[in-house]
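Me: I should like to go through this structure and ask, for each description, what justifies it. Please set each value against its criterion.

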Amino acid sequence: MTGPEHIQQPRKRLFILLLAIGGLLVLGLAFLLWWVPSVGLENIHPVLPVVFGVFLTILALFIVGSLGLLVLTLLTGRDLFLLQSLRGLVVRYLFPAIIFLGKLFGVDRDILQRSFIVLNNQLVHTRRLRVPAERTLILLPHCIQMFDCAIKITGDVEKCVRCGKCDISGLLELAQKFGIEMAVATGGTLARKLIVEKRPKLIVAVACERDLTSGIRDAYPLPVVGILNKRPNGPCFNTTILLSEVEQALEEYVIPAAGGGEVL
Ligand code: SF4
């Protein structure tokens, strides 16, 4: 996962706080939406305000219930989303709405996206998945390769001669140890193409906050474990990775292929 628990806690609290504010806003909005037109609706038919009120109450309870379920899932560490579609609504729409809300409150976008990634990882964790190595894909950004490396590894990471100048060699070793396929994507379009081609059941993705956030949403319902890269030289240039984070994720989710395997 993405770092020690004590580092993740403040991000988790921030997100949960925003979730709670979101819930209150929904309730307030639902009340206003009912109260304002009801003054006029009554003139059309006396029963219309009640019908409209019931509809809005159900909608508001559904949204607030989803928020509550998400908070409980995060707090208990157990998957309480019995319906896949409900989890989908949360990942696809609720998380981005919360990020939008955070932006309105002036919270830094990178911090919010990191929260999203940490919480997404926690949601994946609660599902207690164990996926065969051959159905797992490690997806890397191109910037993790040393910028002046003459070898073109996009399309075939196995071309790397493992000189050790960048983290590709260490990642290849890990992939080989578990028998997992690894690929480098130069952008979202190529990443989507790789997912369609290789049809993985789990993705361990390394990228920056922005790419991971959009990748997790795009790939849903495919579970994606997001691991942030480090950018000691600035964005998109000679980025690095904590290999132990990748290894930890693989150990948690992957059933290794017997005796490792080919890295494709
Ligand atoms: S480890 Fe591989 S990709 Fe990285 S610089 Fe060396 S040959 Fe190039």
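Me: How is the protein chain divided into domains?

Reply: This is a predicted model. The protein chain is divided into domain 1, residues 5-126, and domain 2, residues 131-255. These bounds come from an automatic or database domain assignment. The centres of the two domains, taken over C-alpha atoms, are separated by 31 Å. The contact between them draws on 12 residues from domain 1 and 12 residues from domain 2.

Me: Which helices supply the side of domain 1 that touches domain 2?

Reply: Helices α3 (84-104) and α4 (109-126) each supply at least two residues of that side. The most comes from α4, which gives 8 residues. By residue class, the side of domain 1 that touches domain 2 divides into 4 nonpolar, 5 polar and 3 charged.

Me: How many helices and strands does the protein chain hold, and in what pattern?

Reply: The protein chain has 8 helices and 6 strands. Read along the sequence, they follow the pattern α-α-α-α-β-β-α-β-α-β-α-β-α-β. The C-alpha atoms fill a box of roughly 80 × 40 × 35 Å along the principal axes. Of the contacts with a separation of 6 or more, 68% join residues 24 or more positions apart.

Me: What makes β3 and β5 edge strands of the sheet?

Reply: The open sheet has 4 strands in the order β3-β2-β4-β5, with parallel pairing. Strands β3 (181-185) and β5 (224-228) each have a single partner strand, so one side of each is left without a neighbour in the sheet. From one strand to the next, the twist averages 20°.

Me: How do you know that the strands of this order are paired, and in which sense?

Reply: The criterion for pairing is at least two bridges between two strands. Strands β2 and β3 run parallel and are joined by 5 bridges, so this pair meets the criterion. Within this pair, the bridge partner of I138 is M182 in β3. Strands β2 and β4 pair in the parallel sense over 4 bridges, so the criterion is met here too. In this pairing, T136 stands opposite L202 in β4. Strand β4 (residues 202-207) pairs with β5, also in the parallel sense, over 5 bridges, and the criterion is therefore satisfied. Here V206 stands opposite I227 in β5, and A205 has G226 in β5 as its bridge partner.

Me: Why is β4 called largely enclosed?

Reply: A residue counts as buried if 20 or more other C-beta atoms lie within 10 Å of its own. In β4, 6 of the 6 residues are buried, so the strand is largely enclosed by the rest of the structure. Both faces of β4 are covered, with L202, V204 and V206 buried on one side and I203, A205 and A207 buried on the other. For the protein chain as a whole, 31% of the 264 residues count as buried.

Me: β3 stands at an edge of the sheet; why is β3 nevertheless described as largely enclosed?

Reply: An edge position concerns partner strands in the sheet, and β3 has a single one. Burial is a separate matter: 5 of the 5 residues of β3 are buried, so the strand is largely enclosed by the rest of the structure. E181, A183 and A185 are buried on one side of β3, and M182 and V184 on the other. Helix α6 (residues 188-198) lies across β2 (136-141) and β3, running at about 155° to β3.

Me: Why is G22 called partly exposed rather than buried?

Reply: G22 has 19 other C-beta atoms within 10 Å. Burial calls for 20 or more and exposure for 12 or fewer, so a count in between is termed partly exposed. G22 is therefore partly exposed. The residue lies in helix α1 (residues 5-44).

Me: What does G22 touch, not counting residues up to four places away in sequence?

Reply: G22 touches L67, A97, I98 and L101. Contact requires C-beta atoms within 7 Å. Separately, G22 and Y93 are 71 residues apart in sequence and 13 Å apart in space, C-alpha to C-alpha.

Me: Which residues come nearest to the ligand, and how does the shell around the ligand divide?

Reply: Of the 14 residues around the ligand, M146, C149, C160, C163 and C166 come nearest. The shell divides into 9 nonpolar, 3 polar and 2 charged residues. Met and Cys count as nonpolar under the classification used.

Methods: Residues are numbered from 1 along each chain as its sequence is written. This is a predicted model: local features need pLDDT of at least 70, side-chain atom pairs count only at pLDDT 80 or more; totals for chains, interfaces and linings use all residues. Axes are lines fitted to C-alpha atoms, for helices over the stretch in contact, and angles run from 0 to 180 degrees between N-to-C directions. Two residues are in contact if their C-beta atoms, placed from the backbone, lie within 7 Å. A residue is near a molecule or strand if its C-beta atom, placed from the backbone, lies within 6 Å of it.
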